[in-house]
Structure formats: C-alpha cells, structure tokens
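Student: Got a minute to go through this model with me? I'd like to start with the overall shape and then look inside.

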Amino acid sequence: MKIGNRIFDTENKGYIMGILNVTPDSFSDGGRYNSLDKALKHCEEMIEEGADIIDIGGKSTRPNYQKISDGEEIERVCPVIEGIKARFDIPLSVDTYKSAVAEAALSAGADLLNDIWGLKYDGKMAGVIRKFDVPCCLMHNREKAVYDNFVEDVISDLRESLDIAERAGIEKDKIILDPGVGFGKDYKQNLTVIRELDRLKAFGLPLLLGTSRKSVIGLTLDLPSDKRVEGTIATTVIGALKGAALFRVHDVAANRRALIMTEAIIKNGLN
C-alpha cells in the first residue's frame with residue numbers, strides 16, 4: 001500500500017503510527033501539543049523514535065468530549081499538517097469523520113484519512129476520499145454497545161463500510177480496517193475484539209490496531225492513562241501475532257521495540 005511517498009508492505013511488516021493530538025481535551029495528552037511549535041517538536045520526537053506515520057487529530061473522541069465546529073477543527077489541524085510537511089518527510093494521517101475537515105486536511109497535504117465512523121457519519125466523506133484518491137482507514141463503531149452476536153456483528157458492520165467505499169469508487173487496495181477498540185464496545189467486548197482480530201483478516205485488507213492507553217487497559221490494570229505503556233505493548237504484541245499491520249500509539253519507541261522483537265520471533269525462529 002502506498003501512503004504519501006512511501007510503500008508499506010503490510011503483508012510482511014508492521015508499522016507504527018504515532019498519535020499527535022492537537023486538542024485541549026484528549027483523554028491522555030490533551031493540551032500538551034495544541035500549539036504549532038509543540039506539535040512540531042513532538043512530531044520530530046516521534047520520528048526519531050521510529051514512527052512510520054503520524055496521525056493528527058484536532059477533535060477529541062473520548063467519552064463526553066466537547067463538540068467543536070468544522071472551522072475550529074480545520075484551524076487546529078491544517079497549520080500542523082502544513083508545518084510538518086514543510087519540515088519532515090513522513091506520511092501524515094488525519095483523524096476526522098467530517099468531510100469538510102477531511103477536504104481541508106487533504107488539501108493541506110495529509111496522505112491518509114482515518115475515519116472513526118467508517119464512512120457512516122458523514123455521507124460526503126467517501127466522495128472526498130475518492131476525489132483525492134488517498135488511502136483511508138475505516139474503523140468499526142456503533143452508537144451503543146448492543147449486539148446480537150458480537151464478532152459477527154462487527155464483521156457485518158465493517159462490510160457495510162466497505163460497501164459504502166465500493167459504491168463511491170474507492171479502490172480496495174486503498175483501504176485499511178480498524179476493529180475500533182474503545183468505540184461502541186464494553187470492557188469484555190474490547191478484550192474480545194483484540195483476541196479475535198485475526199477473524200478480520202478474511203477481508204484481505206491491512207488491519208490497524210488502536211489500543212494505546214485506552215480504558216480497556218486502564219480497567220484491566222487499574223491504572224491512569226499515563227501509566228498504561230506496558231498494557232499497550234501487550235496489545236501490540238497480540239495484535240502482531242493476530243495479523244495487524246499498523247499500530248496507532250502514543251509511546252512510539254517502546255511499542256516499536258516490542259514490535260521488532262515480536263516480528264523477529266515470528267519470522268526468524270527455526271522451523
């Protein structure tokens with residue numbers, strides 16, 4: 001898969017997506033990087049630690065998040081996208097489910113669209129992705145964590161997102177799927193979707209796992225968001241074993257090391 005100016009061999013290698021929240025209210029690092037200078041500095045740090053992609057978000061999606069206008073979200077993300085593109089050679093993802101924000105961010109230079117609603121929130125989103133001919137990550141999500149058959153329902157929901165993409169003319173080789181840990185799921189459902197991640201390989205598409213510092217880890221370990229590095233690493237290792245190709249994380253260096261070690265065991269052990 002080509003993202004920006006780089007080829008990602010998602011069938012044979014795992015990649016780290018570093019999280020850059022330019023918001024005042026994200027659940028883990030809200031307010032830490034919501035100025036251009038701070039955002040650029042943190043981006044540089046993540047690149048040095050081995051990030052393969054940077055995912056920029058201008059709107060918190062934590063529980064009870066504060067709603068903002070499209071214009072405010074655009075004002076947060078576009079200067080950061082332009083600033084990073086002017087200084088660094090790394091693919092950029094924009095984390096938004098609004099078509100107006102997506103259009104502005106892609107015009108500013110973003111290389112990938114990361115939609116937490118899998119094209120189901122904004123009917124214009126699929127058309128924007130097709131217009132710019134960029135890869136996209138389609139995440140599983142629901143308003144409420146109510147299911148008849150949890151894993152089968154997740155698969156069915158993702159199939160609906162893929163149907164929307166196909167109708168819009170988005171090429172299959174430009175799609176990544178995300179099981180949506182922490183979205184529309186309760187504690188046990190989050191654990192289950194990680195454990196059953198390999199079932200999504202049946203789609204034949206790259207999988208992204210985004211568990212970093214999330215509540216499923218906090219509830220398991222009884223730890224605050226800034227103490228969940230080891231729990232996140234455990235999910236990265238499990239994700240790699242289950243076939244995920246991209247890992248969206250706050251702590252780039254630690255997860256990258258864990259991923260390299262996991263891949264060495266998988267690929268280089270004696271048969």
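Tutor: Sure. This is a predicted model. With 271 residues, a compact globule would have a radius of gyration near 18 Å. The protein chain has 17 Å, so the two agree.

Student: What does the C-alpha trace span along its principal axes?

Tutor: About 50 × 40 × 35 Å.

Student: And how many helices and strands?

Tutor: Nine helices and 10 strands.

Student: How much of the chain is buried?

Tutor: Of the 271 residues, 55% count as buried. The chain exposes about 12400 Å². Carbon and sulfur atoms supply 48% of that area.

Student: What about contacts between residues at least 6 apart in sequence?

Tutor: Of those, 69% join residues at least 24 apart.

Student: Let's go inside. Which residues touch the most other members of the largest nonpolar core?

Tutor: Leu20, Ile54, Ile56, Ile84, Ile175 and Leu177 do. That core has 62 residues. Helix 5, residues 150–168, gives the most to it, with seven residues.

Student: Why would nonpolar side chains be buried together?

Tutor: That is a general tendency in soluble globular proteins.

Student: Pick Ile54. What is it in contact with, leaving aside neighbours within four places in sequence?

Tutor: Ile54 is in contact with Gly18, Leu20, Cys43 and Met46, and also with Ile90, Pro91, Leu92 and Ser93. Leu20 is also on that list of core residues touching the most other members.

Student: New topic. How many aromatic pairs are there?

Tutor: Three. One is Phe8 with Tyr15, edge-to-face. Their centres are 4.7 Å apart, with 65 degrees between the planes.

Student: Are Phe8 and Tyr15 buried or exposed?

Tutor: Both are buried.

Student: What sits over the ring of Tyr15?

Tutor: The charged end of Lys13, 4.7 Å from the ring centre.

Student: Back to the pairs. How do Tyr97 and Tyr121 meet?

Tutor: Edge-to-face again, 4.5 Å centre to centre, with 75 degrees between the planes. Tyr97 lies in the loop between strand 5 (92–95) and helix 3 (99–108). Tyr121 lies in the loop between strand 6 (112–115) and helix 4 (125–132). So the pair ties together parts that are 24 residues apart in sequence.

Student: Why does Tyr97 count as buried?

Tutor: Because its relative accessibility is 6%, and buried means under 20%.

Definitions and conventions. Residues are numbered from 1 along each chain as its sequence is written. This is a predicted model: local features need pLDDT of at least 70, side-chain atom pairs count only at pLDDT 80 or more; totals for chains, interfaces and linings use all residues. Side-chain values use heavy atoms; hydrogens and water are left out. A nonpolar core is a set of buried Ala, Val, Leu, Ile, Met, Phe, Trp, Tyr and Cys residues joined through side-chain atoms within 4.5 Å. Buried means under 20% relative accessible area, exposed over 50%, partly exposed in between (1.4 Å probe, protein chains only). Helices (H or I, at least four residues) and strands (E, at least two) are DSSP runs, numbered from the N terminus. Contact means heavy atoms within 4.5 Å. Rings of Phe, Tyr and Trp (its six-membered ring) pair if their centres lie within 6.5 Å; planes under 30 degrees apart count as stacked, over 60 as edge-to-face and the rest as tilted. A charge sits over a ring if NZ of Lys or CZ of Arg is within 6 Å of the ring centre and within 35 degrees of the ring normal. The radius of gyration is taken over C-alpha atoms; the globule rule is 2.2 Å times the number of residues to the power 0.38. Accessible areas come from the Shrake-Rupley method with a 1.4 Å probe; for residues, only the protein chains shown count as cover.
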